[in-house]
Amino acid sequence: MAHPKKTPFTLDVVDLIHRPGELRERVIDTTAPEGWGNAVIGVREGEPIHVAARLESLHDGILVSADVSTLAKGECVRCLIDVDLAVEVEIQEVFAYSHDEAFDYEVHETLVDLEPVVRDAVVLSLPFQPVCQDDCTGLCPQCGVRLLDHPGHEHEAPVDPRWSALGPLAELSQDDKEKR
Ligand SMILES: [Zn+2]
Ligand SMILES: [Zn+2]
């Protein structure tokens, strides 16, 4: 089997393996390796990611708890301006010493790789429909200006539908006059 690859998201737990009760704190400061998210919102490649992790040795593996903070960038789905969204998520996952169906992750040799766990938690926390603010009123359907930037924005009132309904009647009465 190939040796596990060391990345900024891997932590060496050699001093914790099979020492139940031992605790370590580790901090990872790195950047997003690729786009985490979708076209509408995501943590863009190169964005700083901070992971404050606590590792605890258990009988059957290493329990990793961590607070993750980073920044997602996207676009308001209503008014289309750029939106920055602070992302704060917690993860908690057991990395088992040996293959065990009860756990999704394993310790590889002496390494735990937090990347898939952190990525999934971050991506799942992103909103499906990001907005610049909860009460964003979007764009004017007639001219496209951003309504939050133009309070009270309105256009000439359209012709009152009650008046236009009289149109055919008015023409009719004109015809009547001509017949006379
Ligand atoms: Zn908006
Ligand atoms: Zn308008």
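Two residues are in contact if their C-beta atoms, placed from the backbone, lie within 7 Å. By that yardstick, 61% of the chain's contacts between residues at least 6 apart in sequence join residues at least 24 apart. This is a predicted model, where local features need pLDDT of at least 70, side-chain atom pairs count only at pLDDT 80 or more, and totals for chains, interfaces and linings use all residues. Residues are numbered from 1 along each chain as its sequence is written, while chains are lettered from A and ligands numbered from 1 in the order in which they are written.

**Confidence**
- The chain has a mean pLDDT (the predictor's confidence in each residue, from 0 to 100) of 89, and 86% of its residues reach 70 or more.
- Strand β5 (residues 48-57) has the highest mean among the elements, 98, and helix α3 (residues 167-179) the lowest, 50.
- Where pLDDT is low, please do not read the predicted coordinates in detail.

**Fold**
- Three helices and nine strands make up the secondary structure, taken as DSSP runs numbered from the N terminus (helices H or I, at least four residues; strands E, at least two).
- From the N terminus, the order is β-β-β-β-β-β-β-β-β-α-α-α.

**Core**
- Of the 180 residues, 18% count as buried, with 20 or more other C-beta atoms within 10 Å of their own C-beta, placed from the backbone.
- The largest nonpolar core (buried Ala, Val, Leu, Ile, Met, Phe, Trp, Tyr and Cys residues joined through C-beta atoms within 7 Å) has 24 residues, of which V13, I62, V64, V112 and L114 touch the most other members.
- At least two residues of this core come from each of β4 (41-43), β5, β6 (61-75), β7 (82-96) and α1 (115-125), and β6 gives the most, with five.
- Leaving aside residues up to four places away in sequence, L114 touches F9, L11, V51, V64 and A66.

Notes
Buried ≥ 20, exposed ≤ 12 C-beta atoms within 10 Å, placed from the backbone.
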